[in-house]
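Here is a short report for a first look. Please keep the sequence and the 3D view open while reading.

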Amino acid sequence: MQSLRLKRKIDHIALALKQQGQSYMSGFSQVDLLHNCITEVGYNHVSLSTTFLNKNISYPIIINAITGGPKLATNINIKLAQLAKELSIPMAVGSQTIALKDSNYKTSFSAIRRVNPKGIFIANLSAKSNVESVYQAVDMLKADAIQLHLNPAQEMVMHEGDREFSGLMENIVHIKEKLDVPIIIKEVGCGISYGAALELKKIGIKIIDIAGLGGTNFTSIEGMRKKYQPIDPGLYSWGIPTAYSLAQVSAIKDLTIIAGGGINRPLDIVKALSMGADYVSMAGLFLNLSHNYTLKESLEFMEKFIKEIKIFTALTGAKDVSSLRKVSKIYKEDIKRHMNREP
Ligand SMILES: Cc1cc2nc3c(=O)[nH]c(=O)nc-3n(C[C@H](O)[C@H](O)[C@H](O)COP(=O)(O)O)c2cc1C
């Protein structure tokens with residue numbers, strides 16, 4: 001079973017890398033930010049710095065859960081931790097189950113704390129994990145928070161998937177009662193609907209990562225692993241596109257929203273923040289950087305990337321994340337149907 005887990009981790013990295021650059025639909029073309037010709041915000045006046053879990057960060061960007069376990073994963077995690085340190089942004093690790101089953105794999109996760117002792121790191125396990133596993137995962141990283149992932153679509157298609165979901169919400173409540181670090185509930189590429197987010201809020205969840213459809217696609221990855229040809233190709237495009245998911249959940253008050261899933265362009269980040277995301281998360285883009293580029297090259301790329309986020313922000317007339325919320329934008333009819341729900 002453990003060698004299967006190891007093989008799965010390597011498959012996921014290889015297949016997710018193949019998906020990068022393919023054109024998926026995260027839905028942000030449904031939103032137009034309006035150019036502001038009378039902007040008085042100069043490029044140097046834009047500040048993207050904010051706080052995350054009461055700590056200062058330079059940008060509202062999170063390196064999302066990717067991996068851990070095999071040597072390849074250790075190298076990726078170390079590079080990502082270096083990037084997170086240089087950029088002063090938080091980083092999540094991939095599912096730590098592999099290290100809970102075999103302690104030899106712990107260092108592939110804990111190494112990131114040595115790279116960046118003061119960094120903001122987020123542990124990761126399935127939302128179906130027991131409390132003891134959650135304690136251990138948090139302790140492994142001395143984590144500031146834990147992501148509990150929901151991936152029913154992936155499990156359904158995964159050959160060796162766990163297709164039993166009963167007691168899920170009760171389990172989250174139980175973990176929440178016992179844990180004293182914040183919990184982030186996240187999807188892995190199928191999005192979170194208004195109704196699901198509301199239910200999560202009702203049980204006391206304060207932070208969600210919608211991880212919608214449009215980027216790394218795990219139903220398709222699991223299908224590719226077994227060369228499964230579905231009768232209905234809709235199996236590989238199941239989920240709520242990220243922008244639509246964001247349009248739904250942003251109506252819910254007092255919920256911190258991380259927008260992820262297919263976000264890999266500066267303009268999409270500005271759109272997501274303007275639509276109500278507090279932060280954006282990216283996995284595919286950071287996997288690509290850490291695997292295919294040196295740290296120096298990755299930092300040069302990110303410098304350019306952030307420069308363009310600032311340019312778009314200034315051109316809307318906004319100077320920071322909170323003023324971006326108020327800038328003029330037009331929603332196309334399709335996405336409008338997902339909006340304006342009052343909790
Ligand atoms: C290779 C790879 C492995 C991943 N493994 C995990 C995981 O173990 N746990 C998790 O919560 N999400 C995992 N994810 C999902 C991401 O955190 C993210 O939610 C999803 O990929 C959508 O973002 P993206 O389109 O920017 O990649 C993984 C993503 C990639 C690319």
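The text below covers annotated sites, two of their residues, and the nonpolar cores.

This is a predicted model; local features need pLDDT of at least 70, side-chain atom pairs count only at pLDDT 80 or more, and totals for chains, interfaces and linings use all residues. Residues are numbered from 1 along each chain as its sequence is written, and side-chain values use heavy atoms, with hydrogens and water left out.

**Annotated sites.** An unreviewed UniProt entry gives a "binding site" feature that includes Ala65, Asn124, Lys186 and Ala283. UniProt annotations may be inferred rather than shown by experiment. Two of these residues are set out here.

| Residue | Location | Relative accessible area |
|---|---|---|
| Ala65 | loop between β4 (61–63) and α2 (71–87) | 17%, buried |
| Lys186 | strand β8 (residues 183–186) | 6%, buried |

Buried means under 20% relative accessible area (1.4 Å probe, protein chains only). Strands are DSSP runs of E, at least two residues; helices are runs of H or I, at least four.

Leaving aside residues up to four places away in sequence, Ala65 touches Asn124, Lys186 and Ala283, among others. Lys186 touches Asn64, Ala65, Asn124 and Asp209, among others, under that same exclusion. Contact means heavy atoms within 4.5 Å.

**Cores.** A nonpolar core joins buried Ala, Val, Leu, Ile, Met, Phe, Trp, Tyr and Cys residues through side-chain atoms within 4.5 Å. The largest has 94 residues; Ile146, Ile208 and Phe286 touch the most other members. A second, separate core of twelve residues includes Phe52 and Ile207.

Notes
Buried means under 20% relative accessible area, exposed over 50%, partly exposed in between (1.4 Å probe, protein chains only).
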